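Reader: Hi! Could you walk me through this structure? I'm new to this, so plain words please.

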Amino acid sequence: MISVGDKLPEATLTRLGAEGPEQVQISDLTTGRTVVIFAVPGAYTPTCHSAHVPSFIRTKDQFAAKGVDEIICVSANDPFVMQAWGESTGAAAAGISMLGDAESTFTEALGMRFDAPPAGLLGRSKRYAMLVTDGEVKLLHLEESPGQCEVSAGESLLGAMS
């Protein structure tokens, strides 16, 4: 599993652009930049929708004031779902990037995959938030349970930044 001090693995995520789905390299988003990446088990799932995304909408300006260039939400969903979810939560209007990891390649490379067959969640991500500077993990807050949003909430990550 990825740890503080590790470099992010190379991976391709997907977003919906003006011409349709676009491939985005994680290294292009992180090289020479400070970003927050938070991951959720699934778009529209209860904790993700009502707690996790709103916590980053509330704290976006405070992260920007601390030098964070971009806040990125990653979920094992397709880019169409991620765009619709970003619009319905207000994350898109707040400037949070909603990126899909439909094949869970980034999630698996981080060692963050989990499955919950009774809930219909397969190949999903554990809930976490990380601060990344120039591709290196500086802070990593991983939830014990995917149904919780405490240590991975925007306020918690913000509070841990020096």
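Author: Happy to! Let's start with a term: a disulfide is a pair of cysteine sulfur atoms within 2.5 Å. This is a predicted model, where local features need pLDDT of at least 70, side-chain atom pairs count only at pLDDT 80 or more, and totals for chains, interfaces and linings use all residues. Residues are numbered from 1 along each chain as its sequence is written, and side-chain values use heavy atoms, with hydrogens and water left out.

Reader: Cool, how many disulfides does the structure hold?

Author: Zero. Cys48, for one, is in no disulfide: the nearest cysteine sulfur belongs to Cys73 and lies 7.9 Å away.

Reader: And why is Cys149 not bonded to Cys48?

Author: Because their sulfurs are 8.2 Å apart, too far for a bond, and Cys48 has the closest cysteine sulfur to that of Cys149.

Reader: Is Cys149 buried or exposed?

Author: Buried, at 17% relative accessibility. The word buried means under 20% relative accessible area, exposed means over 50%, and partly exposed is in between (1.4 Å probe, protein chains only). Cys48 is buried too, with a relative accessible area of 0%.

Reader: New topic! How many salt bridges are there?

Author: A search of the whole structure finds six. A salt bridge here is a side-chain nitrogen of Lys or Arg within 4 Å of a carboxyl oxygen of Asp or Glu.

Reader: Which residue does Arg33 pair with?

Author: Arg33 forms a salt bridge with Glu70, and their closest N and O atoms are 2.7 Å apart. This pair links distant parts of the chain, 37 residues apart: Arg33 is in the loop between α1 (26–30) and β3 (34–40), while Glu70 is in strand β4 (residues 70–75). Helices (H or I, at least four residues) and strands (E, at least two) are DSSP runs, numbered from the N terminus. Arg33 is partly exposed at 24% relative accessibility, whereas Glu70 is buried at 14%.

Reader: What about Asp115?

Author: Its side chain meets that of Arg113 in a salt bridge (3.0 Å, N to O). Salt bridges with shared partners join Glu108, Arg113 and Asp115 into one network.

Reader: Nice. Last one: how do β8 and β9 run?

Author: Antiparallel, with six bridges joining β8 (residues 128–133) to β9 (residues 136–142). Two strands pair if DSSP finds at least two bridges between them. Thr133 stands opposite Glu136 in β9. The hairpin has two residues between the strands, and Asp134 takes a positive phi near 50° there.
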